[in-house]
Amino acid sequence: MSTTHDAQPPVVDAATWEKELAALRVREKAATRELDAIAAQRRRLPMVEMPDYVLEGADGPVRLAEIFGEHPQLIVYNHMWFEDSEWQCGGCTGFTSQFTRLLGLEKFDARFVIVTQGPIDQALAYKRKVGNKMTWYSTANSPFGSDVGAPPNAGFAVNVFLRDGDTVYRTWHTDGRGTEQLSHLFGLVDLLPYGRQEVWQDSPEGWPQAPTYSKWAGSEEIAQAYGDGS
């Protein structure tokens, strides 16, 4: 469905547009260099040794070190889970639904999986329900989730680990808006003239704006589009 808004960017000649774009490009390139510098600092972070956690997978108990598979690096998305809820966090469901092809990451000696507080049978049923393509594990019977910033009925997070033999180290963590850098959706939306259209954003007067989260696809919508009943 197409919607026409009265508020639109001003129309200028091509030379003026090129000049304005060039001025913005200076800031964009500076941001790129800053992100490169942040990544360089991240590569120099120390790490902390983890206990020998045992989680639950589709085939039963699995040690944290085994979740890496043949890779030395592991990214874990800690999916928010609320006990006895039919639909889990829409933000987590939408975020993880974006990752359907992970071969490219494996080329960099890494794996990306989901760990949730939900019991493994419920977690796998929800995975099928919403059409998620990632590999899921449960920390319902392990303190792992709470220890890495995603306790029951509360948080979500991204954690990164490095394995040396059977020893696992935690190298990085983020939560909240720190997860946005991993999402291609917001990167694309932020290119659009109207952006995310959320009330907190700095937009020109008259730009379409709506309550935060109101334009996000909900868990039910994701299940209808991608799930096993779609």
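**Close-up views of a predicted model**

**View 1. Thr-174 of strand β8 is the bridge partner of Val-158.** The model is predicted, so that local features need pLDDT of at least 70 and side-chain atom pairs count only at pLDDT 80 or more, whereas totals for chains, interfaces and linings use all residues. Residues are numbered from 1 along each chain as its sequence is written, and side-chain values use heavy atoms, with hydrogens and water left out. Strands (E, at least two residues) and helices (H or I, at least four) are DSSP runs numbered from the N terminus, and two strands pair if DSSP finds at least two bridges between them. Strand β7 (residues 157–164) runs antiparallel to strand β8 (residues 167–174), and seven bridges join the two. Two residues lie between these strands in the hairpin, where Gly-165 adopts a positive phi near 65°.

**View 2. Strand β4 (residues 73–79) is joined to strand β7 by six bridges.** The two strands run antiparallel. Within this pairing, Tyr-77 stands opposite Val-158 of β7. Val-158 thus appears in both views, since its bridge partner in β8 is Thr-174 under the DSSP bridge criterion already given. In a regular strand, side chains alternate between the two faces of the sheet.

**View 3. Cys-89 and Cys-92 do not form a disulfide.** A disulfide is defined as a pair of cysteine sulfur atoms within 2.5 Å, and by this rule the count is zero. The cysteine sulfur closest to that of Cys-89 belongs to Cys-92, at 3.6 Å, which is too far for a bond. Residues count as buried under 20% relative accessible area, as exposed over 50% and as partly exposed in between (1.4 Å probe, protein chains only). Cys-89 is buried because its relative accessible area is 18%. Cys-92 is also buried, because its relative accessibility is 1%.

**View 4. Val-48 lies in strand β1 (residues 48–49).** With a relative accessible area of 44%, Val-48 is partly exposed. Contact means heavy atoms within 4.5 Å; with residues up to four places away in sequence set aside, Val-48 touches Val-168, Tyr-169 and Arg-170. The C-alpha atom of Val-48 is 9.4 Å from that of Phe-161, although 113 residues separate the two along the chain.

**View 5. Glu-56 belongs to strand β2 (residues 54–57).** Glu-56 counts as partly exposed because its relative accessibility is 22%. Apart from neighbours within four places in sequence, the contacts of Glu-56 are Pro-61, Val-62, Ile-120, Tyr-137, Ser-138 and Asn-141. Lys-19 is 37 residues from Glu-56 in sequence, and their C-alpha atoms are 56 Å apart in space.

**View 6. The protein chain that frames these views contains eight helices and eight strands.** Along the principal axes, its C-alpha atoms fill a box of roughly 65 × 45 × 30 Å. Of the 230 residues in the protein chain, 37% are buried. Among contacts with a separation of 6 or more, 60% are between residues 24 or more positions apart. The protein chain exposes about 14,300 Å², of which carbon and sulfur atoms supply 53%; accessible areas come from the Shrake-Rupley method with a 1.4 Å probe, and for residues only the protein chains shown count as cover. There are 21 positive and 31 negative side chains, and the centres of the two sets lie 6 Å apart. Lys and Arg count as positive and Asp and Glu as negative, while His and the chain ends are not counted; each charge is placed at NZ of Lys, CZ of Arg, CG of Asp or CD of Glu.
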